[in-house]
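Please look over the structure shown here before reading the notes below it.

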Amino acid sequence: MSVLPMKRVIIVGMKSDRKQILEFLQRRGVLEVRTPKPGKALIQEDDPVFQQIDMSSAKITFDKNVNVAKQALDVLNQAVPDPNAPSMFSGRKAISLTDYETKVKKRDTIMELVYQINSLAKRDAEIKAEIPRVESQLETLQPWLTYELPLEFEGTKYTRVFIGTFPNEVPMEDIYSGIESNAKDITGVDVSIISSSPEQTCVQIVALKKDAAKVEEALRHMSFARPPISGKAPGEQAKDLSNRLDALNKKSAEINENIKLLTDKREDVKFIIDYFKMRSDKYEVLSDLYQSPKTFIITGFAPERETASLAELLESRFDCIVEIKEPKPTTKTPVALTNNGFAAPVEGVVESYSIPGKGEFDPSLPVACFYYILFGLMLSDAAYGIIIVIACAIILSKCKNMEPGTRNTMKMFLFCGIGTTFWGFMFGSFFGDVVNVFASTFLGRSDIALPPIWFEPIDAPIKMLAFSFLIGLIHLFTGLGIKFYTLVKHGQILDAIYDVVFWYFLVGGSVFFLLTMPMITEMLGLSWILPAPVANVALVFMVIGAVGIILTGGRESKNWFKRILKGLYSFYGITSYLSDVLSYSRLLALGLATSVISTVFNKMGSMVASGVGGGIIGFLLFLIIFVIGHALNLAINALGAYVHTNRLQYVEFFGKFFDGGGKAFEPFKENTTYYKVSE
Amino acid sequence: MENLGLFFALLGAALSALVAGAGSAVGVGRAGQAAAGLVTDDPSQFSRALILQLLPGTQGIYGLLIAFITLTQIGIMGGSSDISLAKGLLYLAACLPMAIVGYVSASYQSKCSVASIGLIAKRPDQFGRAMIFPAMVETYAILALLVSILSIFGIANVNI
């Protein structure tokens with residue numbers, strides 16, 4: 001339940017061991033490399049011995065290899081979908097160091113394979129681009145297919161042949177009359193229509209050579225156009241083109257077959273992606289290190305509990321010196337959280353708000369306690385809770401290899417499911433009121449129902465509202481309590497009194513005071529009322545709190561006038577407490593939403609079932625509506641519960657004490673996608 | 001004219017399902033377009049985009065909830081449906097917060113969702129925070145839901 005203490009680690013090693021040491025560190029993944037700026041700590045400015053060496057060109061090569069291999073993997077995945085595609089739950093495959101080293105030896109062969117796959121894919125893409133070109137050529141040939149001469153045919157010894165098209169569909173007579181009217185004194189022409197469609201008419205016109213010029217002129221007036229194709233006779237061309245098309249398709253199929261044959265090398269390609277990613281990361285670190293001709297220095301931070309074994313392993317394996325130091329109080333050390341199995345699952349929730357700053361309290365444990373309770377209250381159905389618990393438990397036990405982040409999320413929902421089950425039984429909700437609906441519809445026993453252990457919110461919404469506010473107050477006061485703890489721990493006892501205790505007095509006093517007023521207790525439907533003397537005591541606390549806040553709320557100002565004004569403004573913050581507490585009414589609203597919508601589906605099911613007269617068919621219809629309806633309700637309300645639990649934690653709870661702003665611990669590790677190498 | 005009370009009560013129930021539902025339809029539709037755009041670019045973000053798309057969908061469900069409670073209270077789903085005119089109007093009034101706030105909040109929440117989808121498109125690691133912005137808008141739908149629920153349960157005990 002805390003922030004891991006960090007130590008500063010300095011490793012000085014021989015350059016000949018550089019590669020092994022870095023790879024070792026990468027596999028351990030416990031050291032965040034942070035090289036201090038020159039002039040600070042170890043290295044002087046313009047140090048004559050220790051220099052940084054720019055490795056970015058090597059890094060660029062590795063990054064390029066990663067991208068090329070990724071491309072090849074995409075090609076393979078498109079040819080045959082990956083049966084072992086990484087999913088949310090599968091996690092990375094573990095590989096032993098010896099296996100890793102054997103595979104590394106094959107890296108050149110694998111890269112050749114990668115280039116081979118990519119060139120196949122490139123060839124295939126070229127073919128795929130050519131196919132439509134050939135197809136469109138075939139299409140332009142279509143109207144001319146019946147014509148047996150080449151389309152450039154000019155004529156014989158005495159005749160001239162015009163081959164071409166008229167726009168639109170033109171009947172034979174119109175062509176004759178058109179030529180005659182435009183070229184009056186010609187001997188005659190012979191028109192034959194090769195094909196016609198609404199868009200164009202393809203024709204051959206034969207005229208005597210001596211009339212050729214006139215006919216051509218006439219044709220020009222009629223928007224005659226030469227065909228767009230030249231070369232062999234259309235029929236032959238079409239044959240050539242379809243042969244080409246067949247060849248292309250065959251070639252493409254062949255290439256795809258070849259690619260498919262290569263899919264059994266998929267794991268190698270994945271490996272090479274990870275391998276070059278790791279090398280690229282390593283070279284990034286390498287560029288950062290200070291090196292002399294024979295030695296190098298690595299500096300960084302590691303969690304205290306890891307440092308001893310790290311130093312021991314390093315010193316026993318390599319000729320190097322490892323120094324572990326306490327970081328300077330001013331250093332902004334990276335922050336990693338550590339918690340027990342109950343609170344660790346919500347670390348992700350905390351981190352996605354903010355990493356705790358240096359010296360700040362890790363709120364995971366209180367967040368976890370409230371998270372499971374609030375989620376449970378909002379979903380509040382025992383059956384839904386049991387479903388969530390079972391689903392998470394199955395996933396957790398089946399997928400042993402899950403990444404820690406996903407595993408934590410699953411555990412979080414497991415605990416949330418337990419919370420949901422608990423509150424579901426408290427409020428007597430099991431798939432809504434299905435026990436009662438089922439008994440009365442199919443067994444004719446409307447007296448059977450699942451009794452709530454405590455009460456049913458739908459019968460007493462105001463009671464539930466009051467309970468929600470109570471939970472809210474506890475949540476908010478816990479937040480304030482954490483602020484008190486942090487301030488006291490840092491020795492700011494007066495601040496703790498001014499900023500926390502006065503607020504406890506004011507808000508707590510107000511609550512007790514309200515509970516002595518008959519109007520409020522009646523409104524909340526409480527059967528008890530605090531006796532009148534309590535009101536006086538509460539009033540005293542309220543006044544102490546209020547006066548204290550007004551006097552100290554603006555204590556950073558020296559000017560008393562300003563100070564009181566600022567204090568009054570702080571006092572105005574009481575309204576934010578009101579809205580914070582009211583915000584917890586969502587516990588009632590979302591809880592009711594789950595149970596009422598369940599009831600709606602149960603009722604629909606029972607209405608349909610009694611509509612067909614019960615029996616087996618009625619039961620089956622009921623079952624269908626029941627399953628679909630409750631699946632929908634569970635999904636949408638679990639989403640609502642998740643989102644609003646986060647909101648209550650982030651806005652209401654964290655708002656009371658949590659500043660965050662720390663820098664997450666990012667160790668130098670195997671930042672891979674498919675494999676993880678273990679010692 | 002005797003049953004005008006029942007008519008107004010039913011009008012309230014219908015309005016709450018209708019107007020809030022329409023708001024959610026608008027909202028989920030709008031957010032869905034942004035989500036589809038994001039998934040074109042990065043299919044791995046599907047589940048996150050889906051969650052953000054669904055956020056404006058809850059108002060429609062709250063509307064249904066109010067409609068359903070009203071229907072059971074006024075006897076449409078069985079029981080006595082003898083509602084005086086005044087009571088009918090009270091039910092109508094009780095349904096209005098959910099109807100109107102439901103519509104407006106769903107619409108604006110979806111704009112937040114669209115913006116948040118844009119946020120996770122650029123910074124997928126910020127999902128936790130991206131989710132909170134639309135959730136802030138939802139608070140007002142929940143407050144309206146609460147007022148509507150409390151009113152409807154309260155009306156049953158009012159003697160007019």
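The notes cover the contact between the chains, the nonpolar cores, one buried glutamine and two backbone outliers.

This is a predicted model, in which local features need pLDDT of at least 70 and side-chain atom pairs count only at pLDDT 80 or more, while totals for chains, interfaces and linings use all residues. Residues are numbered from 1 along each chain as its sequence is written, and chains are lettered from A and ligands numbered from 1 in the order in which they are written.

Between the chains, 22 residues of chain A are in contact with 24 residues of chain B; contact means C-beta atoms, placed from the backbone, within 7 Å. On the chain B side, α2 (46–54), α3 (58–73) and α5 (127–157) each supply at least two residues. Helices here are DSSP runs of H or I with at least four residues, numbered from the N terminus. The largest share, 13 residues, comes from α5(B). By class this side has 19 nonpolar, four polar and one charged residues, where Ala, Val, Leu, Ile, Met, Phe, Trp, Tyr, Cys and Pro count as nonpolar, Asp, Glu, Lys and Arg as charged, and the others, Gly among them, as polar.

The largest nonpolar core has 122 residues, and B:Leu65, B:Tyr91 and B:Leu145 have the most contacts inside it. Helix α1 (residues 4–41) of chain B gives the most to this core, with 14 residues. A nonpolar core is a set of buried Ala, Val, Leu, Ile, Met, Phe, Trp, Tyr and Cys residues joined through C-beta atoms within 7 Å; buried means that 20 or more other C-beta atoms lie within 10 Å of a residue's own. B:Leu65 touches A:Ala593, A:Val596 and A:Ile597, leaving aside residues up to four places away in sequence. A second, separate core of 45 residues includes A:Ala72, A:Ile110, A:Leu310 and A:Leu314.

B:Gln109 lies in helix α4 (residues 85–122) of chain B. B:Gln109 is buried because 29 other C-beta atoms lie within 10 Å. Apart from residues up to four places away in sequence, B:Gln109 touches B:Gly27, B:Leu55, B:Pro56, B:Pro134, B:Val137 and B:Glu138.

Two residues other than glycine have positive phi values, as tabulated here.

| Residue | Phi | Loop in chain A | C-beta atoms within 10 Å |
|---|---|---|---|
| A:Ser380 | near 35° | between α11 (364–379) and α12 (382–398) | 31, buried |
| A:Phe431 | about 50° | between α13 (404–426) and α14 (434–443) | 25, buried |

Technical notes: Buried ≥ 20, exposed ≤ 12 C-beta atoms within 10 Å, placed from the backbone. Contact = placed C-beta atoms within 7 Å.
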